[in-house]
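Hi everyone, thanks for coming. Today I'd like to talk about cysteines and how they pair up. Have a look at this one with me.

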Amino acid sequence: QLQLVESGGGLVQPGGSLRLSCAASGFTLDTYAIGWFRQAPGKEREGVSCISPSGGSTAYADSVKGRFTVSRDGAKNTVYLQMNSLIPEDTAIYYCAALRFRLCVLKESPYAYWGQGIQVTVSS
């Protein structure tokens with residue numbers, strides 16, 4: 001069974017940091033682009049960041065550029081989203097998703113496999 005599991009979420013103060021992990025089971029991620037998406041209350045889900053299978057290509061939403069960094073560890077079959085300088089507007093449920101393609105995109109429709117999501121709350 002192909003499965004993605006997010007971890008590392010929680011409550012953090014403004015200006016703080018969190019690192020989200022997306023671990024795969026049942027398949028290896030080395031041929032999949034991985035996207036990170038988020039959905040805030042009352043808003044549509046939006047693309048945050050993505051990384052190509054090789055790790056050589058990444059993309060970020062304008063709202064997180066310079067603050068978030070996506071990376072992958074093939075040995076651990078895991079993709080990470082390092083989130084720094086968090087602001088209350090980053091509060092959302094964060095999802096990772098897998099797309100079997102050589103490039104990554106920040107649109108959710110092509111992604112075939114999704115994690116269950118994890119809550120990130122930025123508040124003082």
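Let's start with what I'm calling a disulfide here: two cysteine sulfur atoms within 2.5 Å of each other. Chemically, a disulfide is a covalent bond between the sulfur atoms of two cysteines. And keep in mind that this is a predicted model.

So how many disulfides do we get by this rule? The count is two.

Here's one of them. Cysteine 22 is bonded to cysteine 96, with 2.1 Å between the sulfurs. Now look at where they sit: cysteine 22 is in strand S3, residues 18-25, and cysteine 96 is in strand S9, residues 92-99. That's 74 residues apart, so the bond ties together distant parts of the chain. Is this pair buried or exposed? Both cysteine 22 and cysteine 96 are buried. As for the twist, the torsion about their S-S bond is about 70°, and that's why we call this disulfide right-handed.

On to the other one, cysteine 50 with cysteine 104, where the sulfurs are 2.2 Å apart. This link is right-handed too, with 60° about the S-S bond. Again it connects distant parts of the chain, 54 residues apart: cysteine 50 belongs to strand S5, residues 46-51, while cysteine 104 is in the loop between S9 and strand S10. Buried means under 20% relative accessible area, so cysteine 50, at 0%, counts as buried, and so does cysteine 104, at 13%.

Last thing: what's the pairing if you number the bonded cysteines in sequence order? You get 1-3, 2-4.

Terms used:
Residues numbered from 1 in each chain as written. Predicted model: local features only at pLDDT ≥ 70, side-chain atom pairs only at ≥ 80, totals over all residues. Heavy atoms only, no water. Helix = DSSP H or I, 4+ residues; strand = E, 2+ residues; numbered from the N terminus. Buried < 20%, exposed > 50% of the residue type's maximum accessible area, 1.4 Å probe, protein only.
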